[in-house]
Amino acid sequence: MANLDLTKKERKELWRYLINQLEDYYSNTKSIRVSPPLDIDRIAGLVRQPDFSKVLPPKEAVDAVITAMKANIVHTPHPQYYGLFNPRPNIAGIVADFITAVFNPQMAAWSHSPLAAEVENYLIHEMGIRFGYPANSIDGTFCTGGAEANQTAVLCALNKAFPEYANKGLRNIDHSPVLYCSSQAHHSVIRAARIAGLGLNAVRSIPTRPDLTMDLGLLDSQLETDELSGFTPFMVIGTAGTTGPGTIDDLQGIAKIASKRNLWFHADAAYGGAAVLSHKLKHLVNGIELADSITFDVHKWLSVPMAASMFITRKPEILHQTFRITTDYMPKDAKGLKITDPYTHSIQWSRRFIGLKLYLSLLMFGWKGYEEVIDHQTEVGEELRNLLEKSGWVMLNKSPLPVLCFSDDFYKNDSDFATSICDAVVKSGKAWISVYPINGVNALRACITNYATTKQDVAQLVELLNEKRKEYKNR
Ligand SMILES: *Cc1c(COP(=O)(O)O)cnc(C)c1O
């Protein structure tokens, strides 16, 4: 029989070899290309090359995987990665994921992993407090990502508005439920409506004001129109840190409208929620404490490896109402204890110990460590804005978070400009940026999503952009 453990000697050698290889990548991330050439035939060929009937010695197998990864993925841990909120994973988060893989705690039933469940309960509580929730009414669950957290929110809101939804299903509800978000909201919200059985047409995408936040006047009038036309509004989603331009909706204003009409108010703070950890930025998300529920991604600004998000609610009964189910086969060891089995509060059943990544990061760096990093990234973002403006680039968004959408005044109506510059930058392998349309104009987008990105790094990015702009002019 194959020895899936390897021998103790082989294993010790493998650990040592692995740690050395990973350390080499982690400390020299800057020396490799940020992104690979996208040659599908070469990459698929490389993957299919090994013959699984002839096994490799362990070190060779690990080496093959690491070498292939180095050459064929976008390196989000690279300081010149200015992408979509993906962080360089911090070392505590990496170590925690490794520990989790070895112990493999099963999170479904509390009694199987009481320590893990209590770590997560504590973290949900602590984050809830930081978002301004009353200490005695905080509940929540760790999720794989913002998409799952937003899905959870839509299901909770449906169950709150239509208690018969859980048993009878949507088709037996005597209503046409609709939900509201801004046109800059993340599309996981729209897909959540589809998965919940509402359909895409149940999502009212409210246009934004010139500052790219939801137009609350239009929200109000759309609600009015829908109610008069026989629809049943049940939920409003405000975004704190939109994925494109990084803008923050007027959460207090949304809360007021939602409470007037008795709608579930969900704050999608997947990225921008981290602002509550900084004294300087906290005020930006005022009103988040009024949200019935919050999505907060730990694998974005809190720099733990994927997949880690939190769904937090101030309505402690709602997860139970939405997900509880009883089974004969689940462990009953905790009978009589005042506990919650995580599977009764989550879309997931068997679940990884997601919370350890945040817990170990806090043990090693503390809330203060996160605050310092968040403030640093915000400063580097300001530096990038200043350097760009000095070089004649113009900003097309106005976010207080380090998310910059920009173009060149002369070329901004040339629809090829931004995509050509972006292509040239990405193909150079020296940096990763993207393109995002702002009010119909293609903008270049750069986000300081890596805590290790320095002012020198952004100066290099501006040089690279200036060089590509010059090439575009001379083409
Ligand atoms: C990233 C993001 C999501 C989706 O989260 P995942 O973690 O990618 O599933 C949802 N909403 C916002 C605002 C985001 O930035």
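These notebook entries record what I looked up about three helix packings in a predicted model.

I worked from a predicted model in which local features need pLDDT of at least 70 and side-chain atom pairs count only at pLDDT 80 or more, while totals for chains, interfaces and linings use all residues. Residues are numbered from 1 along each chain as its sequence is written, and side-chain values use heavy atoms, with hydrogens and water left out.

**Helix 3**

I looked up helix 3 (residues 58-72; helices are DSSP runs of H or I, at least four residues, numbered from the N terminus) and found that Val62, Ile66 and Asn72 are buried (under 20% relative accessible area, 1.4 Å probe, protein chains only). Seen down the axis of helix 3, the buried residues fall within an arc of 155 degrees (taken from the directions from the helix axis to the C-beta atoms), so they line one face of the helix. I noted that these buried residues pack against helix 1 (8-27) and helix 2 (40-48), where contact means heavy atoms within 4.5 Å.

**Helices 9 and 10**

I then turned to helix 9 (residues 216-228) and helix 10 (residues 251-260), which pack at an angle of about 15 degrees with their axes 10 Å apart (axes are lines fitted to C-alpha atoms over the stretch in contact, and angles run from 0 to 180 degrees between N-to-C directions). That makes helix 9 roughly parallel to helix 10 (angles under 35 degrees). On the helix 9 side I listed Leu216, Leu219, Asp220 and Leu223 as making the contact, and on the helix 10 side Gly253, Ile254, Ile257 and Lys260.

**Helices 13 and 14**

Last, I recorded that the axes of helix 13 (residues 417-428) and helix 14 (residues 455-473) come within 10 Å and cross at roughly 125 degrees.

Conventions. Buried means under 20% relative accessible area, exposed over 50%, partly exposed in between (1.4 Å probe, protein chains only). Helices (H or I, at least four residues) and strands (E, at least two) are DSSP runs, numbered from the N terminus. Angles under 35 degrees count as roughly parallel, over 145 as roughly antiparallel, 65 to 115 as roughly perpendicular and the rest as oblique.
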